[in-house]
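Trainee: I am new to this structure and would like a close look at a single part of it. Could you take one buried residue, and lead me from there through the spaces and the packing that surround the topic?

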Amino acid sequence: MSTDWRTLVSAEALAAALGGEDLVVVDCRFSLAASAGALDAGERAWRAGHVPGAVYAHLDRDLSGPHGPGRGRHPWPMAAAFAQVLGRWGIDAATQVVAYDDGDGAFAARLWWLLRSFGHRQVAVLDGGWARWIALGLPVEAQAPVHLPREVAGAFDTEALLHAADDVQRHVAAGGLLVDARAAPRFRGEVEPIDPRAGHVPGAINRPYTDNLLDGRFKAADVLAREFGALLDGRPPSALVAMCGSGVTACHHLLAMAHAGLDGGRLYSGSWSGWIDDPARPVATGP
């Protein structure tokens, strides 16, 4: 079966394509909980059962890079290291990739954006994720897949990413949109369950990434187009920089925009955890 999925794919369509020579499914299940063993909960779940043929992507080991000043809790990986991960999974330029998780698609969207900004276009997120796959009674297996390793090389698109807080400040000062994907209470600074300081980047606006969803699946493309179009207010998609706590859930916005035909948004990779790494940086609270 020929596939060319670039934003979302239904569980039914993926099930019909399983076993395809140029298809690699990636299980991105992960837990951000602080409890003991939580960081490996996703991998344990994958070992217990996954979409047939799915490899496992660990957020910290595979989808993040080395820590450093301003890089945030989930630093953007180095291109060479990410290329090695892709090669280990059997992914090259001709591969159709489908990512999924057991939440609302945020971890899968991180891999989607990593691949997109690496120049790989044939990548999609499983709409409804693991929950819908199971609800439909689709096949599950527990054995680890074997993929032929590939030689992969590439570089990230520097235009698609803002790594430096100073660049973010300049973007906002020039009238660009900075959209924070965290829940509203975190954005307002009322609670902060993860990072050491509460609040948001001055000039940012809030759209929780969960606003992209309806009943566990992404809203229709035309609905998302209207909602993001209202945010853009006549500006091009490239005027929007998405951020969150650590550069993960913000990717959900970039996926939603692309699905709505508004491709071109960018990511502040360090996000809130990178911003507050410098205690001199200003912090805003309230709406």
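Mentor: A residue counts as buried when its relative accessible area is under 20%. The model in front of you is predicted, and in it His252, which lies in helix α9 (residues 250-259), is buried because its relative accessible area is 0%. Leaving out residues up to four places away in sequence, His252 touches Asp104, Gly105, Ala106, Ala109, Tyr209, Asn212, Leu213 and Phe218.

Several of these names return when we turn to empty space. The structure holds one cavity of 30 Å³ or more, and the volume of the largest cavity is about 40 Å³. Among the residues that line the largest cavity are Asp104, Gly105, Leu213 and Phe218, each of which is also touched by His252. The lining of this cavity further includes Gly103, Leu126, Asp127, Gly128, Gly129, Gly216 and Arg217, and by class its residues divide into three nonpolar, five polar and three charged.

Tyr209, another residue that His252 touches, leads on to the largest pocket, which has about 330 Å³ of space. Of the 21 residues that line this pocket, Tyr209 is one of those closest to its centre, together with Leu32, Arg186, Ile194 and Thr249. The lining of the largest pocket divides into ten nonpolar, five polar and six charged residues.

Two further residues touched by His252, Ala106 and Ala109, have numbers that fall within helix α4 (residues 106-117), and this helix gives the most to the largest nonpolar core, with nine residues. That core has 75 residues, and those with the most contacts inside it are Leu14, Val26, Trp89, Leu111 and Trp113. A second, separate core has 13 residues, including Ala165, Leu178, Val241 and Ile276. As a general matter, nonpolar side chains in soluble globular proteins tend to be buried together.

Trp89 takes us from the large core to helix α3 (residues 79-89), where the buried residues are Ala79, Phe82, Ala83, Val85, Leu86, Gly87 and Trp89. The buried residues of α3 pack against β2 (23-27), β3 (55-56) and α4, and the contacts of Trp89, apart from its neighbours within four places in sequence, are with Val24, Val26, Val55, Tyr56, Ala57, Asp62, Leu63, Leu111 and His147. After α3 comes Gly90, whose phi is positive, near 85°.

Tyr56, which is in contact with Trp89, is also in contact with Glu43, and so are Arg29, His58 and Arg61 when neighbours of Glu43 within four places in sequence are left aside. Glu43 lies in helix α2 (residues 41-48) and counts as buried because its relative accessibility is 16%. A polar contact of 2.9 Å joins the side chain of Glu43 to that of Arg61.

Trp113, one of the residues with the most contacts inside the largest core, is touched by Arg266, which also touches Val241, a member of the second core. Arg266 has its place in strand β12 (residues 266-268), and, not counting residues up to four places away in sequence, the others that Arg266 touches are Glu159, Ala160, Leu162, His171, Ser238, Leu240, Ala242 and Leu254.

Technical notes
Residues are numbered from 1 along each chain as its sequence is written. This is a predicted model: local features need pLDDT of at least 70, side-chain atom pairs count only at pLDDT 80 or more; totals for chains, interfaces and linings use all residues. Side-chain values use heavy atoms; hydrogens and water are left out. On a 1 Å grid over the protein atoms alone, a cavity is a set of points where a 1.4 Å probe fits but cannot get out, and a pocket is an open set with protein on both sides within 12 Å along at least five of seven lines; lining residues have an atom within 4 Å of a point. Grid points are joined across faces, edges and corners, and a volume is the space filled by probe spheres set on the points. Ala, Val, Leu, Ile, Met, Phe, Trp, Tyr, Cys and Pro count as nonpolar, Asp, Glu, Lys and Arg as charged, and the others, Gly among them, as polar. Helices (H or I, at least four residues) and strands (E, at least two) are DSSP runs, numbered from the N terminus. Buried means under 20% relative accessible area, exposed over 50%, partly exposed in between (1.4 Å probe, protein chains only). A polar contact is a pair of N or O atoms within 3.5 Å; within protein, one must be able to donate a hydrogen and the other to accept it, and residues adjacent in sequence count only if both atoms are side-chain atoms. Contact means heavy atoms within 4.5 Å. A nonpolar core is a set of buried Ala, Val, Leu, Ile, Met, Phe, Trp, Tyr and Cys residues joined through side-chain atoms within 4.5 Å.
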